[in-house]
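Please look over the sequence and the structure shown below before reading on. The report that follows takes a few parts of the fold in turn, for a reader who has not met this structure before.

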Amino acid sequence: MGVERIFKDEANEEKGERARMASFVGAMAIADLVKTTLGPKGMDKILQSTGRGREVTVTNDGATILKSLHIDNPAAKVLVDISKVQDDEVGDGTTSVVVLAGELLREAEKLVAAKIHPMTIISGFRMAAECARDALLQKVVDNKENAEKFKSDLMKIAMTTLSSKILSQDKEHFGQLAVDAVMRLKGSTNLESIQIIKKPGGSLKDSFLDEGFILDKKIGIGQPKRIENAKILVANTAMDTDKVKIYGARVRVDSMSKAAEIEGAEKQKMREKVQKIIAHGINCFVNRQLIYNFPEELFADAGILAIEHADFDGIERLALVTGGEIASTFDNPESVKLGHCKLIEEIMIGEDKLIHFSGVEMGQACTIVLRGASHHVLDEAERSLHDALCVLSQTVNDSRVLFGGGWPEMVMAKEVDELARKTPGKKSHAIEAFSRALVAIPTTIADNAGLDSAELIAQLRAEHQKEGCPAGIDVISGSVGDMAELGISESFKVKQAVLLSATEAAEMILRVDEIITCAPRRREDRM
């Protein structure tokens, strides 16, 4: 018993083999979970929350699926984290990174069973990852100089990214939308200025890109419907003080006329506030909170368009896009930055009226309006589009491009295999295993499309023995295809991130030799 008493009663520990088994199994289970969503023929998952609303999400975005899971296994959590990071860093490849890490661990498990020390495996993996990255670097295409070619590269990347998503049916349409939106950013990766509005109704094909900014609000009653050369004051302030509200005080009055006096004073206060706001020389006032009828009348009389209750997300963006700042006090108009735009008008989308700000300060601002059958479709469309926008904005900065469709993995696997042959010692096993793990990605793409993956991968491998061969898997015709002709391209940055993150995650899990689960702290300890 001596040793055991270090931990409290309910803590348990798993050592050596068992710990490693637990972490391998957890990680592989996660990888298998998202594996089926990889590639153009990947399937979606329905996630149902156990919360009150039992919300349902339908998605095949690796990061979204993994984010929604509650996982107990520590190794599985590592995989969930890498998919999150991949999502934040480059936006796409969230499934690939998990599948690759899972495959690396599956290979590592066999090696450990063959009595190869985890550290040996790790150093082999490191060499292999380095080698794989160099192999890609030699093969990248960079069309930054040639604007036409670069634009077609972007278009291809957008379509490739969208192929594995819900938008694959209209990928030309959405690819064009995404490319247009990103080209407007002129190299910034700040996707804040691209706003996505979701309006159920219509079909996905009816989605469009609109320059300027659209606020999902109606214009108040009796207010000007269009304003040219708008000066906009964006505010977050209470405009509802035409009621008696003196900090929850109880007011006793001996006649109704006294109450009317109090109300009159309140009205006066409001009128003064409105006059202060008008004194800024504006013709559009956007408020985050409610605007009651009385101040709204005052604004309408002054010919000022007042928009109330604009949600916070919208109002922050509006301030950003029009170059204004959000104000909450109006005593010194000279220090408030007003927003500007050429024209404000009301537009109709489907059933709803929205307010359109065009000719805004930030030239790169634009709004993508998504239409679709239901909220689920729209949410998934937004996630897909977000992936495409992220990848494109990264590619505009780092314009190196690779073919897609399992081609990069085959290129890497080939080089890594060569390295394994040259490397003496046990490391060579690890390097060889790494190359097998890489091949798992095209294998999975083929499997998900219901193709004979063994046959296809063998063909691919043979093809790749030739120099500069652009062969990859063409899931549509179900055979080996020419990626250059098919226009299937991916961004180098995404591939590199997948490779490095997966290797690091696998390494992290391999280093584990003990899992200690601590007992929860008991209540009565505090007494």
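## A sheet of three strands

Two strands are taken to pair if DSSP finds at least two bridges between them. The model described here is a predicted one, and in it an open sheet of three strands has the order β5-β14-β6, with mixed pairing. The edge strands are β5, covering residues 194-200, and β6, covering residues 208-211, each of which pairs on one side only. From one strand to the next, the twist averages 25 degrees.

Strand β14, made of residues 366-372, is joined to β6 by four bridges, and these two strands run antiparallel. Within this pairing, F208 stands opposite V369 of β14. Helix α11, which spans residues 375-397, lies across β5 and β14, and its direction makes an angle of about 160 degrees with β5.

## Strand β9 and its neighbours

Which residues of β9 are buried on one side of the strand, and which on the other? In this strand, formed by residues 284-287, C284 and V286 are buried on one side, while F285 and N287 are buried on the other, so that both faces are covered. In a regular strand, the side chains alternate between the two faces of the sheet.

Strand β9 has pairing partners in β8 and β10. With strand β8, residues 226-235, it shares four bridges in a parallel arrangement, and L233 has F285 of β9 as its bridge partner. With strand β10, residues 305-307, β9 pairs in the parallel sense over three bridges, and here the bridge partner of C284 is L305. Helix α9, residues 293-301, belongs with these last two strands, since β9, α9 and β10 make a right-handed β-α-β unit.

## Two helices that cross

How do helices α5 and α13 lie relative to each other? Helix α5 comprises residues 118-139 and helix α13 residues 427-448; their axes come within 8 Å and cross at roughly 55 degrees. Angles under 35 degrees count as roughly parallel and those from 65 to 115 as roughly perpendicular, with the remaining angles below 145 counted as oblique, and α5 and α13 are therefore oblique to each other. The crossing of these two helices is right-handed.

On the α5 side, the contact is made by T120, I121, S123, G124, F125, M127, A128, A129 and A132. Helix α13 contributes K427, A430, I431, A433, F434 and L438 to the contact.

Notes. Residues numbered from 1 in each chain as written. Predicted model: local features only at pLDDT ≥ 70, side-chain atom pairs only at ≥ 80, totals over all residues. Heavy atoms only, no water. Axes fitted to C-alpha atoms, helices over the stretch in contact; angles between N-to-C directions. Contact = heavy atoms within 4.5 Å. Buried < 20%, exposed > 50% of the residue type's maximum accessible area, 1.4 Å probe, protein only. Right-handed = clockwise from strand over helix to strand, strands pointing away. Left-handed = near helix turned anticlockwise from the far one by under 90°.
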